Amino acid sequence: LLPDTQLEEIYKIIHNFRLSSKKRQNILENTLKFAGSWNDLTDEDFKDLSDEISLLRQQAFKLRRNNKTISTD
């Protein structure tokens, strides 16, 4: 029921959707390659890693907050 003048536009939309779906699938597959990577860590090493990640996140957010405060003054 679409006019012939809109068929090319519809084709482009479908084509782009298929490309983006394939790209998402590739990203998912690459991410899943890391699944189980930390299985051989001891509980203590995993806790140390988690604590370090938490500390680094806190520092990063603190720097971001400070930069926002400085830039708006």
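Reader: In which helix do Asp51 and Lys47 both lie?
Author: In this predicted model, local features need pLDDT of at least 70 and side-chain atom pairs 80 or more, while totals for chains, interfaces and linings use all residues. Asp51 and Lys47 are four residues apart, about one turn of the helix. That helix, a DSSP run (H or I, at least four residues; strands are E, at least two; numbering from the N terminus), covers residues 43-72 and is α2.

Reader: How far apart, N to O, are the side chains of Asp51 and Lys47 where they meet?
Author: Numbering starts from 1 along each chain as its sequence is written, and side-chain values use heavy atoms, with hydrogens and water left out. Asp51 and Lys47 meet in a salt bridge, which takes a Lys or Arg side-chain nitrogen within 4 Å of an Asp or Glu carboxyl oxygen. From N to O, Asp51 and Lys47 are separated by 2.9 Å.

Reader: Is Asp51 buried, partly exposed or exposed, and at what relative accessibility?
Author: Under 20% relative accessible area is buried, over 50% is exposed, and in between is partly exposed (1.4 Å probe, protein chains only). Its partner Lys47 has 49% and counts as partly exposed. Asp51 also counts as partly exposed, because its relative accessibility is 40%.

Reader: Which residue forms a salt bridge with Lys12?
Author: Look in helix α1, where the partner lies four residues from Lys12, about one turn of the helix. The closest N and O atoms of the pair are 3.6 Å apart. Lys12 itself is partly exposed, because its relative accessible area is 47%. The partner is Glu8.

Reader: Why is Glu8 classed as it is, and what is its relative accessible area?
Author: Glu8 lies in helix α1 together with Lys12. Glu8 is classed as exposed because of its relative accessible area, 53%.

Reader: How many salt bridges does the count come to?
Author: Helix α2 holds the pair Asp51 and Lys47, which meet in a salt bridge. Helix α1 holds Lys12 and Glu8, and these form a salt bridge too. The count comes to two.

Reader: How far apart in space are Arg18 and Leu32, C-alpha to C-alpha?
Author: Arg18 has its place in helix α1, and helix α1 runs over residues 7-32. Arg18 counts as exposed, because its relative accessibility is 62%. Along the sequence, Arg18 and Leu32 are 14 residues apart, and in space their C-alpha atoms are separated by 21 Å.

Reader: What is the relative accessible area of Ile14?
Author: Ile14 is another residue found in helix α1. Ile14 is partly exposed, because its relative accessible area is 48%.

Reader: How far apart do the C-alpha centres of domain 1 and domain 2 lie?
Author: The domain bounds, from an automatic or database assignment, give domain 1 as 1-40 and domain 2 as 41-72. The protein's secondary structure comes to two helices and zero strands. Between the C-alpha centres of the two domains the distance is 33 Å.

Reader: What percentage of the 73 residues of the protein count as buried?
Author: Let's start with the overall dimensions: the C-alpha trace spans about 65 × 50 × 15 Å along its principal axes. Of the 73 residues, the share that counts as buried is 0%.
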